[in-house]
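Please open the model in your viewer and keep the sequence panel beside it, so that each selection can be found in both places. The tour below goes from the whole chain to single residues and back to a pair of helices.

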Amino acid sequence: MLLLRLSVYLALIDGAEERNLFEQIYWEYEGLMLYRAKEILQDDMQAEDAVHAAFLQIARNMATVGQVLPDRRKALVMRILENAAIDSYRKQKRERSHVAPMTEAEDLEQPERTIGAERPLALALVRLPLEYRQAVLLKYAHGYDNKEIARLLGFTVSKVEKLLSRGKKKLWQLLQEVEQE
């Protein structure tokens with residue numbers, strides 16, 4: 001699952017140098033970030049969501065993160081995480097006071113709402129149009145190159161490249177929408 005998440009984050013970043021730096025940050029700090037988020041939130045699911053939100057923020061700002069000196073990078077990453085955890089705590093507190101609990105039947109009738117409450121990335125992927133979702137998952141979750149994806153889906157390589165480019169843009173939009181919900 002970690003590799004799938006990392007693959008999706010990397011798919012959202014343009015530039016090999018920035019992807020390499022993000023991957024280094026991911027592997028170096030993911031465990032520490034999860035530990036700190038659990039300390040703050042006292043809830044495993046909320047902590048995972050906060051780490052996810054922090055990595056999305058880092059991915060969005062890789063140009064800035066890349067300019068930070070390596071000895072200051074840990075402090076920046078942890079500050080982003082702490083802000084995400086605090087935001088998650090405040091959001092959860094507001095939701096508890098304003099939303100009536102859903103019954104199990106309502107959960108089954110509205111799977112997107114249940115997924116979205118727990119996993120913004122999963123919900124965004126579910127909402128991604130099928131052709132985009134197939135191309136993005138084959139490329140970044142399964143590691144196929146563009147020629148292999150074209151062969152598997154029956155498209156030209158140029159169509160696969162367009163699907164990947166447009167799919168990444170659409171995924172960014174959907175992630176922002178999910179986070180605002």
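What follows is a series of selections, each with a short account of what is there.

**The whole chain**

Before selecting anything, keep in mind that this is a predicted model. Show the chain as a cartoon and follow it from the N terminus: there are 11 helices and zero strands, and the elements run α-α-α-α-α-α-α-α-α-α-α. If you colour by accessibility, the buried residues make up 36% of the 181 residues in the chain. Among contacts between residues at least 6 apart in sequence, 64% join residues at least 24 apart.

**Helix 2 and its aromatic residues**

Select Phe22 and Phe55 next, and show their side chains. Phe22 belongs to helix 2 (residues 16–41) and Phe55 to helix 3 (residues 44–60), so their pairing ties together parts that are 33 residues apart in sequence. How are the two rings of Phe22 and Phe55 placed, with their centres 5.7 Å apart? Their planes stand at 65°, which is over the 60 degrees required, so the pair is edge-to-face. Both Phe22 and Phe55 are buried.

Add Tyr26 and Trp27 to the selection, and a further edge-to-face pair appears, with 5.3 Å from centre to centre and 85° between the planes. Are these two residues buried or exposed, or something in between? Tyr26 has a relative accessibility of 1% and therefore counts as buried, whereas Trp27, at 45%, counts as partly exposed. With all four side chains on display, you are looking at one aromatic cluster, formed by Phe22, Tyr26, Trp27 and Phe55. The structure as a whole holds three aromatic pairs.

Stay on helix 2 and select Glu23, which at 31% relative accessibility counts as partly exposed. Leaving aside residues up to four places away in sequence, Glu23 touches Leu6 and Leu10. The C-alpha atoms of Glu23 and Leu6 are separated by 7.4 Å, although the two residues are 17 apart along the chain.

**The loop after helix 2**

Move on to Gln42, which is found in the loop between helix 2 and helix 3. The phi angle of Gln42 is near 60°, a positive value in a residue other than glycine. Gln42 counts as exposed, because its relative accessibility is 64%.

**A charged residue in helix 5**

Select Glu82, whose place is in helix 5 (residues 70–98). Is Glu82 buried or exposed? Its relative accessible area is 17%, which is under the 20% cut-off, so Glu82 is buried. Residues up to four places away in sequence aside, Glu82 touches Arg36 and Ile40.

**Helix 9 and what follows**

Now select helix 9 (residues 130–141) and show its side chains; Tyr132, Ala135, Val136, Leu138 and Tyr140 are buried there. Just past this element, look for Gly143, which follows helix 9 and has a positive phi, near 80°.

From here, go to Leu164, which is found in helix 11 and, at 5% relative accessibility, counts as buried. Which residues does Leu164 touch, not counting those up to four places away in sequence? They are Ala135, Val136, Lys139, Tyr140 and Asn146. As a check on the distance, Leu164 and Leu138 are 10.0 Å apart in space, C-alpha to C-alpha, and 26 residues apart in sequence.

**Helix 10 against helix 11**

For the last stop, display helix 10 and helix 11 together. Two packed helices are described by the angle between their axes and the distance between the axes. Here the axes of helix 10 (residues 146–153) and helix 11 (residues 157–180) come within 8 Å and cross at roughly 105°, and the two helices are therefore roughly perpendicular to each other. On the side of helix 10 the contact is made by Asn146, Lys147, Ile149 and Ala150, and on the side of helix 11 by Val157, Val160, Glu161 and Leu164. Sorted by class, the contact has five nonpolar, one polar and two charged residues.

Finally, select Phe155 and Lys159, where the charged end of Lys159 sits over the ring of Phe155, 4.2 Å from the ring centre.

Note on methods: Residues are numbered from 1 along each chain as its sequence is written. This is a predicted model: local features need pLDDT of at least 70, side-chain atom pairs count only at pLDDT 80 or more; totals for chains, interfaces and linings use all residues. Side-chain values use heavy atoms; hydrogens and water are left out. Helices (H or I, at least four residues) and strands (E, at least two) are DSSP runs, numbered from the N terminus. Buried means under 20% relative accessible area, exposed over 50%, partly exposed in between (1.4 Å probe, protein chains only). Contact means heavy atoms within 4.5 Å. Rings of Phe, Tyr and Trp (its six-membered ring) pair if their centres lie within 6.5 Å; planes under 30 degrees apart count as stacked, over 60 as edge-to-face and the rest as tilted. A charge sits over a ring if NZ of Lys or CZ of Arg is within 6 Å of the ring centre and within 35 degrees of the ring normal. Axes are lines fitted to C-alpha atoms, for helices over the stretch in contact, and angles run from 0 to 180 degrees between N-to-C directions. Angles under 35 degrees count as roughly parallel, over 145 as roughly antiparallel, 65 to 115 as roughly perpendicular and the rest as oblique. Ala, Val, Leu, Ile, Met, Phe, Trp, Tyr, Cys and Pro count as nonpolar, Asp, Glu, Lys and Arg as charged, and the others, Gly among them, as polar.
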